[in-house]
Protein chains: 2
Amino acid sequence: MKTLALSAKEHLYLRIAQSIERQIDTGVLKIGDKLPSIRMVCREHGVSMSTATQAYFELERKALIESRPQSGYYVRSCPRKRLGVPATSKPVNRHGNEGQPEDIITRIYQDISRKDLTLLSLSVPSDELLPIAKLNKGMVQAMRELPGSGTAYEDIQGNDKLRRDIARWSFTWGGNLEENDIVTTAGSMNAISFCLMALTERGDTVAVESPVYFGILQLAQSLGLKVLELPTNACTGVEIDALKKALERNQVKVCLLISNFNNPLGSRMPDSHKQEVVRLMERHNVPLIEDDIYGDVYFGDSRPLCCKSFDESGIVLWCGSVSKTLAPGYRVGWVAPGKFKEEVIRRKIFHSISATTLTQEVIANFLENGRYENHLRRLRQTLHTSCLQYIRAIAEYFPEGTKVSHPDGGFVLWVELDKKADTIALYEKAVRHKISFAPGRIFTLQQQFNNCMRLSYGVRWSDKLDDTLKLLGKLAHTH
Amino acid sequence: MKTLALSAKEHLYLRIAQSIERQIDTGVLKIGDKLPSIRMVCREHGVSMSTATQAYFELERKALIESRPQSGYYVRSCPRKRLGVPATSKPVNRHGNEGQPEDIITRIYQDISRKDLTLLSLSVPSDELLPIAKLNKGMVQAMRELPGSGTAYEDIQGNDKLRRDIARWSFTWGGNLEENDIVTTAGSMNAISFCLMALTERGDTVAVESPVYFGILQLAQSLGLKVLELPTNACTGVEIDALKKALERNQVKVCLLISNFNNPLGSRMPDSHKQEVVRLMERHNVPLIEDDIYGDVYFGDSRPLCCKSFDESGIVLWCGSVSKTLAPGYRVGWVAPGKFKEEVIRRKIFHSISATTLTQEVIANFLENGRYENHLRRLRQTLHTSCLQYIRAIAEYFPEGTKVSHPDGGFVLWVELDKKADTIALYEKAVRHKISFAPGRIFTLQQQFNNCMRLSYGVRWSDKLDDTLKLLGKLAHTH
């Protein structure tokens, strides 16, 4: 590299960029690999800072590398093959709701305890990505510090330290919460359950994105709610016009959106959409339940905002948890229910009295002293690399024409195969080969997405995973 | 004592009994004091085993002392004053449900975190009665042994070791459960919530005892259920005839009973009643939710049976927890839902995904190795003594004509003052004197029990408590 001949100054940066591109192309540099720092490039190539920066800018422009905040530049994708993104969904909402294949959902839940499966079906981080030793230390501290070592019921609204931390943390997404605005729950689904029970009655309609996390559909149905599935874009989330029409038709009692890194679509609503949605909700006086469990796991420069960031009238019930970032089994979540706070607290008391005292305290301490931010920084890097590797492997191994979402955060990819593909049949075949994923059909009540699947990348990338995706791709081919 | 003169052999046992009665009467022996063993009485008085036994039998007959299993004889009550037991309740169930004074309930919940109050309002054991050091050790063990130190979701139906323990433990009450019959939950109210949601729809009627734990009324109302309050006896629980009539009138969708040491009445259904109730439920095909959280805290010789003990068709949903015996803040409960298992599991998944992994494991280990039985033995002794002291203090300090339940287990006394008394006003006055209790009015939707109150004795007896009850009695007088 040091002997690289320099012909004309204006092409210098391009030469550097091309040599790196070649290394990526031939596999010398792999996805997720860190590139030399700008300073190092200057020294190695004997060029100025501006030339080195320009070279990296060129590679970034081609989406071959990317800068990660406070960390440097990383290889992003392989140039040989680019995959299309699934088109905006077109739910039909005909003849009421048609139900989900419950048996498949049950089997996916049961897969959790099967040690022989590679689980691409769960949108949670694997053990190895969690700060387990630190949480254990926190538990010992909590037993020492809590009155009665945490055996007693905690305060009805939840651990006050935890509520203070969440309020403080809300500054990262432009929130302006106070301790007293927050109610803790046993996880985010538990928070959503309290919100839906507080806001709806049997027969009411809840509007959601399409596709949507199957747990939300199950909960809504068990509460006797009708579900209105809205067209949703894999990049920008719910289609504002469709939502607007539904609200104008007076069809909707409550709206439930996963605004950031939607599960399963990976979409993130642009800030302008978030603002518009809140404005619409206010105009029609329809509450918005915002599920923001993935917001902290962003791959870009900063924490995306929430709809709640634009909420001035208290119409947004903002839900979150640490189940995607610290410890699903701790059952620690929360909601800032806006003007519906008293009603939500009542549901919490009636159905559960209180949440688990000890685990709430552990998480409170973890959030308090900066460990959370450090942990998140590592987690995001790992997931980001894993996400890019998955996309690369899908491009390489899956049938021609496969489309895939390109989320800039979260845990899951939405994969769309050929129209004729049947991912439930593929699931059956995959499980026989010890791979579990989530077929598209379970993410709707409308007989759609039969050719889609959700793949979770909540694990550290490895050659074994490459083999798994290769095998899955092969099964999709012969399908 | 050794010089006690003996005149005639047939009166020998009476003399011994009288001398002990005198000691109780003059306060030399206090409630809860342990008496010398039969063997010791023989040696001290130079009498035969049969004479000593006869003496204690005489005292037992007069309810002055009582035998406690594997422990010996204890002073039970003072003979000078005996209180009547409240009469069987006569709920009116007119014009639908009239609601509860929600503000009082909210204030009672808020009292929990007030350190300056003496809380006679909570039916939970105080810290000092819990095996906190052992639970903490168990937590360290659980973190060491669980995969991922308990950060991961647990099995959907719940910790299998815990379910096995509960199944094994069911032999103590004539249950015949298997691990697979049980679903764990975040406490007993959480179990009841899943049962009610699985079995009812808005507008259905749930039949309950009257008075009944206010949390059950709140939950039922928030689910849009009508509540049918049934006449209930302070000793034998729900009136079978009334239940029968309600079932025959086809009024009831589901029945919810606290069969053992009912909260707030303290009643325990005789086995024959339990059997009859199950038979009625089967005949009318109405499910019974049995809340058995107090069953392990019996003062008699053995664990009382449950309705579930007589259930052969799976119509009883038996709920329990360790919130009354080990750790309320752990949120560990369970239900054996009989033939409604799948429906209950679905509610658990939809509303909460799973319970807290770590605390379930700690409780599982605690139940496994006999520590639970040892702990319960001590807990029962302490609560029994405390219960008797409360009754003695109420007899001594409360107005003439006061009635009180005489539970043989559980955590609470039901006190009935003069008809004109207003216990909500008394509550206001008591709180100003730093005493909190639960006014009777919150245990019904029917504008009753205004002269009643529930007092919890879930604390170790002390002179300070005697002062508290003295003060409360004084306030009730001047009322």
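Which residue stands opposite Val316(B) in E11(B)? Leu288(B) does. The exercises below work outward from that pair.

The model is predicted: local features need pLDDT of at least 70, side-chain atom pairs count only at pLDDT 80 or more, and totals for chains, interfaces and linings use all residues. Residues are numbered from 1 along each chain as its sequence is written, chains are lettered from A and ligands numbered from 1 in the order in which they are written, and side-chain values use heavy atoms, without hydrogens and water.

**Exercise 1. Describe the surroundings of strand E11 of chain B.**

Step 1. Strands (E, at least two residues) and helices (H or I, at least four) are DSSP runs, numbered from the N terminus. E11(B) covers residues 316-321.

Step 2. Find the neighbours; two strands pair if DSSP finds at least two bridges between them. Strand E10 (residues 288-291) of chain B is joined to E11(B) by four bridges and runs parallel. Strand E12 (residues 333-336) of chain B is also joined to E11(B) by four bridges, but runs antiparallel; here Ser321(B) stands opposite Gly333(B).

Step 3. Check burial, where buried means under 20% relative accessible area, exposed over 50%, and partly exposed in between (1.4 Å probe, protein chains only). Six of the six residues of E11(B) are buried.

Step 4. Sort the residues by direction. In a regular strand the side chains alternate between the two faces of the sheet. Val316(B), Trp318(B) and Gly320(B) point one way, while Leu317(B), Cys319(B) and Ser321(B) point the other way.

**Exercise 2. Give the strand order of the seven-stranded sheet in chain A.**

Step 1. The order is E4-E12-E11-E10-E9-E5-E6 in an open sheet with mixed pairing. At the edges are strand E4 (183-185) and strand E6 (226-230) of chain A, each pairing on one side only.

Step 2. Take one pair as an example. Strand E9 (residues 254-257) and strand E10 (residues 288-291) of chain A pair in the parallel sense over three bridges, and Cys255(A) has Leu288(A) as its bridge partner in E10(A).

**Exercise 3. Determine which face of helix H2 of chain A is buried.**

Step 1. In H2(A), residues 38-45, the buried residues are Ile38(A), Val41(A), Cys42(A) and His45(A).

Step 2. Seen down the axis of H2(A), these residues fall within an arc of 105°, so they line one face of the helix. The arc is that of the directions from the helix axis to the C-beta atoms.

Step 3. On the other side of H2(A), Arg39(A) and Arg43(A) are exposed.

Step 4. Identify the cover by contact, meaning heavy atoms within 4.5 Å. It includes helix H1 (12-25), helix H3 (49-61) and strand E2 (72-75) of chain A.

**Exercise 4. Relate chain B to chain A and describe their interface.**

Step 1. Superpose the copies by least squares on the C-alpha atoms of residues with pLDDT of at least 70 in both. A rotation of 180° with 0.0 Å of shift along its axis places chain B on chain A, with an RMSD of 0.1 Å. The two copies are thus related as by a two-fold rotation axis.

Step 2. Of the interface residues of chain B, 100% are also interface residues in chain A, so the copies meet through the same surface.

Step 3. Chain B and chain A bury about 4300 Å² between them, 61% of it on carbon and sulfur atoms. Thr151(B), Tyr153(B) and Phe350(B) supply 17% of the area that chain B buries against chain A, more than any other three residues. Buried area is the accessible area (1.4 Å probe) that two parts lose on being put together, summed over both.
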